[in-house]
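User: I would like to go through this model with you, beginning with its open space and then turning to its rings. Please reason each answer through before you settle on a value or a name.

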Amino acid sequence: MGKLKRIETEIEGVYIIEPTIFGDERGFFFESYNKRDFQEIGILDEFVQDNHSKSRKGVLRGLHFQTEHSQGKLIRVIKGGVLDIAVDLRKNSTTFGKSIKVELTEENKRMLYIPKNFAHGFLTITEEAECLYKCNDYYYPEYESGIIWNDSELNIDWDLKKYNLKKEDLIFSEKDKRHQSFKEYRKPGGER
């Protein structure tokens with residue numbers, strides 16, 4: 001039996017990954033990344049960049065993507081928790097424009113694998129959260145883009161009530177406040 005369990009989601013290619021945890025009175029241990037184990041469950045990406053973010057409760061980051069050099073990501077939380085969102089931007093996909101949300105916490109130790117050509121974002125649902133994520137391409141600021149978090153067509157439910165948050169509690173970067181709508185994204189040349 002492998003060390004990783006791959007859980008299919010309703011969007012093809014997006015997987016929840018559950019590692020095997022070894023725990024005792026000292027604490028726990030698990031391999032958060034082992035290329036062979038990921039290859040065994042069908043994730044063949046060559047990850048080239050690791051990112052680490054820290055956010056306080058109510059911070060909403062996203063929905064980000066790169067118009068060129070699209071990044072596949074493997075996301076996990078090492079402190080606190082987030083509600084992680086991925087939106088399918090693969091134009092020929094039967095789930096184009098659909099989103100998936102997964103709660104990632106330090107307790108559940110789940111990881112989320114998102115392939116290339118998705119918009120990604122998350123909401124911090126605990127007092128603080130630290131996320132680590134691997135990317136299979138580099139960050140290129142000149143290709144950075146996004147879709148507004150509350151786009152009416154995407155209609156993502158960020159579960160604010162569940163996490164005891166109100167819209168006015170949310171914290172955004174100035175850039176994230178100005179992202180385009182999904183309708184603008186779909187227009188010719190809209191993949192800015």
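User: Which residues lie nearest the centre of the largest pocket?

Analyst: In this predicted model, the largest pocket holds about 510 Å³ of space, and its lining is made up of 26 residues. By class, that lining divides into 11 nonpolar, 10 polar and 5 charged residues. Nearest the centre of the pocket lie His-64, Lys-73, Tyr-133, Glu-144 and Lys-175.

User: Which element supplies the largest share of the lining of the largest pocket?

Analyst: Several elements each supply at least two residues of this lining, among them strand S5 (49-56), strand S12 (128-135) and helix H2 (174-177). The largest share, 5 residues, comes from S6.

User: Is the pair of Trp-149 and Trp-158 stacked or edge-to-face?

Analyst: A search of the whole structure finds 10 aromatic pairs. For Trp-149 and Trp-158, the ring centres are 6.4 Å apart and the planes stand at 65°, and since planes over 60 degrees apart count as edge-to-face, the pair is therefore edge-to-face.

User: What is the angle between the ring planes of Phe-182 and Tyr-185?

Analyst: Phe-182 and Tyr-185 are 3 residues apart in helix H3 (residues 182-186), which means that about one helical turn separates them. Both residues are buried, and ring pairs link them with Phe-65 and Phe-96 into a cluster. Their own pair is stacked, with 5.9 Å centre to centre and an angle between the planes of 15°.

Key: Residues numbered from 1 in each chain as written. Predicted model: local features only at pLDDT ≥ 70, side-chain atom pairs only at ≥ 80, totals over all residues. Heavy atoms only, no water. Phe/Tyr/Trp six-rings, centres within 6.5 Å; stacked < 30°, edge-to-face > 60°. Helix = DSSP H or I, 4+ residues; strand = E, 2+ residues; numbered from the N terminus. Buried < 20%, exposed > 50% of the residue type's maximum accessible area, 1.4 Å probe, protein only. 1 Å grid on protein atoms, 1.4 Å probe; cavity = no way out; pocket = protein on both sides within 12 Å on 5 of 7 lines; lining within 4 Å. Points joined across faces, edges and corners; volume = space filled by probe spheres on them. Nonpolar A, V, L, I, M, F, W, Y, C, P; charged D, E, K, R; others polar.
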